[in-house]
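Hi everyone, thanks for making time this morning. Let me put the structure up on the screen, and then we can walk through it together.

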Amino acid sequence: MEKVDKSNFLAVWGTIGLLCMLGVWFTPWRFQTNDDVIMMWLVSGAYTGTPEKYAVFIHPSLSLLFSFLYELTEILNWYGFVWYLILFGAYLGMVKVISDRIATNFLKTSLVTFALIITLHFCLFPQFTLVAGWAGIAGFLLLFKDNERVKSNFDLILAFFLMFFALLVRLESFALVGLAFGLYSIWERRIQFLFKNWKTLTSIIFLFLLVYGSKRLYENQSRYQEYLVFNEARSGVIDHPVFYHLYREGKIVEREWFYFARWMIDDLEISVEELRLKKSELNELLFSREYVLKSFFRLKTIATTELFKSSIALILLLLLFYIKGGKPRLWGFLLTWLLFFLLMNYFFLLQGRVLVLFALVLWFPLILSEGLVRRKVSLKWLPLALVSLFLLHLLNAYRESEGRKQMNAEFKELLSYMTNESPIFTEGFFEYNYLERFSTTFPVPALSYGWLSQSPFQDSAFKNHGFSSMSSLNEFYLLQVKSPEKALFPEYIEYLDGDLELLESKSGEFFNFFHYSKK
């Protein structure tokens, strides 16, 4: 009877989750960051004109799969669809784990509701780091949710499906989740856990090394090798905490590094060696009391900026103490993980998506830790509080989507003033704000910069628009999001090569429109 009940629970909540995700799919959801948008443009051919078989951050085999699917048909948003598929698998895994591990129906329903809300948030604002992390967490929980050696075929197949795709999507996310699981297991289950599960753990390590090794092997033999070396060195500076604070405080005065800080990198005479030297200089400044304090202020800023993610982290922490209590072994894991988190936040420029991933691993002790603490205060308020929080989040997401609609309408209107086919650039307008789904037949209207700079992809895009480099740009259009600051992009082009003449300018509610040419 218990197996039937669990099967019904999985079927009912799986159906509810599927219907909710389908509902979100037909809303104006958007990717959380530009990275996913640009990778989607690359594999679909929307940016370079040809579906690319490599997209930098995800595994080459996944890029190859995407490019094949887009060449097959452009009707479906394959990139987003695969992310949704992985998220649904992760949600299904969480439902199965909660059904098997949690005894009381009310707590079981409450935790599944929470898992569904987290999944739907990732559907509203998908981001490949979090897609991989959520899949990895569900995979580990499925594999190690009980102490018995024999696992069901469903659990094994879904767990390794989730782990494999988590590795393909974002290997670093899987590594972080795996590290958290390892620390938790050593604290909670002691070293015997490693010996008892050595075969399963060896399989996971082998899978990790296989994906990591194949990615590095491909990259080291590909035409992208020189670009990847530069991109890694670029990231070491632009994502450095000290560089971040120096820019925010207006202390980067050298024009070349100032444009670099604004991601205007193409044609700047900054070599890999100079980037590595700059990183060494920044590292020397990092070890000071000033930047220790600034790391905490930066953490506070990110936490207050991304309130819904902060709410997820806080609810997880409160639930953990409420349900499991303050067991010494649990405290040991939490303090170790907190120390590691603070060190990572100090040495790296962690974004909100990474911060919430650090919190999501609290599902490990929440589900796997033995025992249930009895409390006088009831949890009956929890489902209502979770649903209310998510409805408020939906309202904010709707308001944001309406703002994007207005911006895109004005964007299109200003493009109608173009008198020739000179390339278009934007300033202050993030790629994830586009409403249209671009393709080879409906290409991206404006060129991007950022991590695409000095890449083969950028070279192809420039060639398609009739010029070879930023320095050789003779005429262009610029759409700048309205700001108290004057447009920086024209100054950057003048810094590279020659003076510009403003041919035309217009202003709307959201944008300034400029038409420039070389004198």
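A compact globule of 519 residues would have a radius of gyration near 24 Å, and the protein chain has 25 Å, so the two agree. Do keep in mind that this is a predicted model. Along the principal axes, the C-alpha atoms fill a box of roughly 80 × 50 × 45 Å. As for burial, 55% of the 519 residues count as buried. The accessible surface of the chain is about 24100 Å², and carbon and sulfur atoms account for 62% of that.

Now, the contacts. If we take those between residues at least 6 apart in sequence, 78% join residues at least 24 apart.

On to secondary structure: the chain has 22 helices and four strands. And how are the four strands ordered in their sheet? The order is β1-β2-β4-β3, in an open sheet with mixed pairing. β1 (424-427) and β3 (500-507) are at the edges with a single partner strand each, which means one side of each has no neighbour in the sheet. On average, and ignoring direction, neighbouring strands are turned by 25° against each other.

Let's zoom in on one edge. β1 pairs with β2, residues 475-481, in the parallel sense over four bridges. There you can find T426 opposite L479 of β2.

Helix α20, residues 382-415, packs on this sheet and touches β1, β2, β3 and β4 (511-518). The direction of α20 makes about 30° with that of β4. Helix α22, residues 489-496, also lies across β1, β2, β3 and β4, and runs at about 145° to β2.

That's my tour, so over to you for questions!

Conventions. Residues are numbered from 1 along each chain as its sequence is written. This is a predicted model: local features need pLDDT of at least 70, side-chain atom pairs count only at pLDDT 80 or more; totals for chains, interfaces and linings use all residues. Side-chain values use heavy atoms; hydrogens and water are left out. Two strands pair if DSSP finds at least two bridges between them. Helices (H or I, at least four residues) and strands (E, at least two) are DSSP runs, numbered from the N terminus. Axes are lines fitted to C-alpha atoms, for helices over the stretch in contact, and angles run from 0 to 180 degrees between N-to-C directions. Contact means heavy atoms within 4.5 Å. The radius of gyration is taken over C-alpha atoms; the globule rule is 2.2 Å times the number of residues to the power 0.38. Buried means under 20% relative accessible area, exposed over 50%, partly exposed in between (1.4 Å probe, protein chains only). Accessible areas come from the Shrake-Rupley method with a 1.4 Å probe; for residues, only the protein chains shown count as cover.
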